[in-house]
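User: I would like a close look at one loop position in this protein, and then at how the rest of the chain is built around the same kinds of detail. Please keep the account plain.

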Amino acid sequence: MTENIQFQNDLEKLMVIMPQKVTSNLSAEGLNDVIEIVLDIGRPPEIRHAGGKIDKLGTDGVSEDDINFVTSHLQEFTHDNRSGIPGTLHRISAIRNRQGKVVGLTCRIGRVVTGTITCIKDICTQGKSILFLGRPGVGKTTKLREISRLVADELGKRVVIVDTSNEIAGDGDTPHPAIGAARRMQVPQPEYQKDIMIEAVENHTPEVIVVDEIGTEAEAQAARTIAERGVMLIATAHGNSLESLIKNPTLSDLVGGIQSVTLGDDEAKRRASQKTVLEREKQPTFDIVIEIIDRNTLAVYRNTAEAVDYILRGWPIRPEIRKVDKEYTTVSVESPAVQEIKQPETAEDNKMNFSFSRPKYCEQNKPTKRIYLYAVSRTIVEKLIERMDFNVEITRNVEDADIVIAHKNFAKGGAKILNTAKEYRAQIFYVKTNSMAQIQKVLKDALDIQPGDLSEEETSYTDETEKALDEVKDAVKKVMDGASEIELTPQDTQIRKHQHELAEQYGLNSTSIGEGENRRLRISK
């Protein structure tokens, strides 16, 4: 109730500085789902709703006097053309013409929303540094604000917010009540954010530092300095996903950075990869990365170092999906590890009703087989697993594997690995070639897949693929023996793709010829 009163009071302060064109057509009560009010000279005022809907207020365009009326009630715009209303979370951003005159305003409505971090409350109280990623408008700043209050009020930690453009704690000298007992250091201009981050650590003995929008290499270095001093860091960064952040040369240091490494022959064979690969350079600044998919759905990577390693090596990784309903009362967790979380014990936390969305897991309830590959094409194995819907996971450590599939020609070079597999009592299977037909046969043997276990569609597809690949082998032999070129029988697009891959493995050229149902391969030297 107090929060609603505060929100209504903040809206009334916004309406006071709006021109009559807006106030005559819109009341504070009508702004409940509005995210922005847009004023551009010569155009009618626009009201932008959370769902993407845009309403125009009347037909009269905004005049220069209307813009001046709003700006006269605001503090001077900072270097990044932002201002605000003291005591509120509203943000007013200016658009200027070439002479520096304000010709447009975007009035972003700030709200105090609680409950948005209910699904990650257990993570926020672990004392680990957390990085939030997500596109603009999905609620990154809202979550920082609530985490600041949670850590400062409920955990009693010393929290300092580095508040660039007063995004988190609002405008004015007194921080907004939404941040609780957390302290706030204002940043006069965005380029000074890195300096204020270091100053906060050196001067104010914080246990937790909160930063919104780390966007430069210098700020990333400042974040690493803070983390290395043992301070918990909560921040957001530019980027929609962990993968995009890794590829960002400016900010990749936040998750450990990447470097090019040349592998030895044995290691390259063991990984079934090229000799030059990308690897993580150092320990990540942040222990946990959370992607904000939408306002109510989060993807959690509990171990940033492991997640980055998996992504760089092209291994499949599934984040832990956490959701909260629109009323911010019920939480669900979808974890690949299906790990248990303790139920809250206090009456205050009873609203955190954890329930795991794992119907698929309970329905199947089958242990996942873990496979380690030695000098075997990972790409082909992954395609087979996906197509045949095998309950299989490829592991990077032979110690974790239930099954080892190795290339027979490289078995001697991997004697140490295979001995380790025997010590851990893993089953070992060998392939003679890196062809799809050969790997598929060994994979079915390893998983004890009987013909009756596959659907008619899968069986027929499998048979057709094996026959088509056998035809490629025959053609390869004939070309090697002196034939100039061999044409194969027509196949569909997917099977032709596998035929191309197999021909390439033998170092031969393959070209698709013919049209429609008569499309086929021609193999030559």
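What relative accessibility does Thr 78 have, and how does Thr 78 count on that basis?

Analyst: Thr 78 has a relative accessibility of 32% and counts as partly exposed. That class lies between buried, which is under 20% relative accessible area, and exposed, which is over 50%, with a 1.4 Å probe and protein chains only. The model is a predicted one, in which local features need pLDDT of at least 70 and side-chain atom pairs count only at pLDDT 80 or more, while totals for chains, interfaces and linings use all residues. Residues are numbered from 1 along each chain as its sequence is written, and side-chain values use heavy atoms, with hydrogens and water left out.

Thr 78 sits in the loop between helix H3 (64-72) and strand S4 (82-84). Helices (H or I, at least four residues) and strands (E, at least two) are DSSP runs numbered from the N terminus. The side chain of Thr 78 makes a polar contact with the side chain of Asp 80, at 2.3 Å. A polar contact is a pair of N or O atoms within 3.5 Å; within protein, one must be able to donate a hydrogen and the other to accept it, and residues adjacent in sequence count only if both atoms are side-chain atoms. In sequence, Thr 78 and Pro 190 are 112 residues apart, yet their C-alpha atoms are 9.4 Å apart in space.

The next position to consider is Gln 193, in helix H6 (residues 193-204). Unlike partly exposed Thr 78, Gln 193 is buried, with a relative accessible area of 2%. A polar atom of the Gln 193 side chain lies 3.3 Å from the backbone oxygen of Glu 213. Not counting residues up to four places away in sequence, Gln 193 touches Val 162, Thr 164, Val 187, Val 211, Asp 212, Glu 213, Ile 214 and Glu 219; contact here means heavy atoms within 4.5 Å.

The loop between H6 and strand S10 (208-214) holds Thr 205. Thr 205 has a positive phi of about 40° although it is not a glycine. Most residues other than glycine have a negative phi. Thr 205 is exposed, at a relative accessible area of 52%. Ala 375 also has a positive phi, near 60°, without being glycine. Ala 375 lies in the loop between strand S19 (369-374) and helix H12 (378-388), and is buried at a relative accessible area of 8%.

Two helices show how burial is distributed. Helix H5 (residues 140-154) has 15 residues and reaches 21 Å from its first C-alpha to its last, close to the 21 Å expected at 1.5 Å a residue; the expected span is 1.5 Å times one less than the number of residues. H5 is mostly covered, with 12 of its 15 residues buried, among them Lys 140, Arg 145 and Glu 146. Gly 156, just after H5, takes a positive phi of about 70°.

Helix H16 (residues 493-505) has 13 residues and reaches 19 Å, close to the 18 Å expected. Its buried residues are Ile 495, Arg 496, His 498, Gln 499, Leu 502 and Ala 503. They cover an arc of only 160° around the axis, so they are on the same side of H16; the arc is that of the directions from the helix axis to the C-beta atoms. Exposed Thr 493 and Glu 504 are on the face of H16 turned away from the buried side. At the start of H16, a side-chain oxygen of Asp 492 reaches to within 2.9 Å of the backbone nitrogen of Ile 495. Just after H16, Gly 507 takes a positive phi of about 75°.

A nonpolar core is a set of buried Ala, Val, Leu, Ile, Met, Phe, Trp, Tyr and Cys residues joined through side-chain atoms within 4.5 Å. In the largest, which has 33 residues, Ile 405, Leu 443 and Ile 523 touch the most other members. Helix H14 (residues 436-446) gives the most to this core, with six residues. Beyond its neighbours within four places in sequence, Leu 443 is in contact with Ile 371, Leu 384, Ile 385, Phe 390 and Ile 405. A second, separate core of 32 residues includes Leu 131, Ile 196, Ile 226 and Ala 235.

For the protein as a whole, the secondary structure comes to 16 helices and 25 strands, and buried residues make up 46% of the 525 residues.
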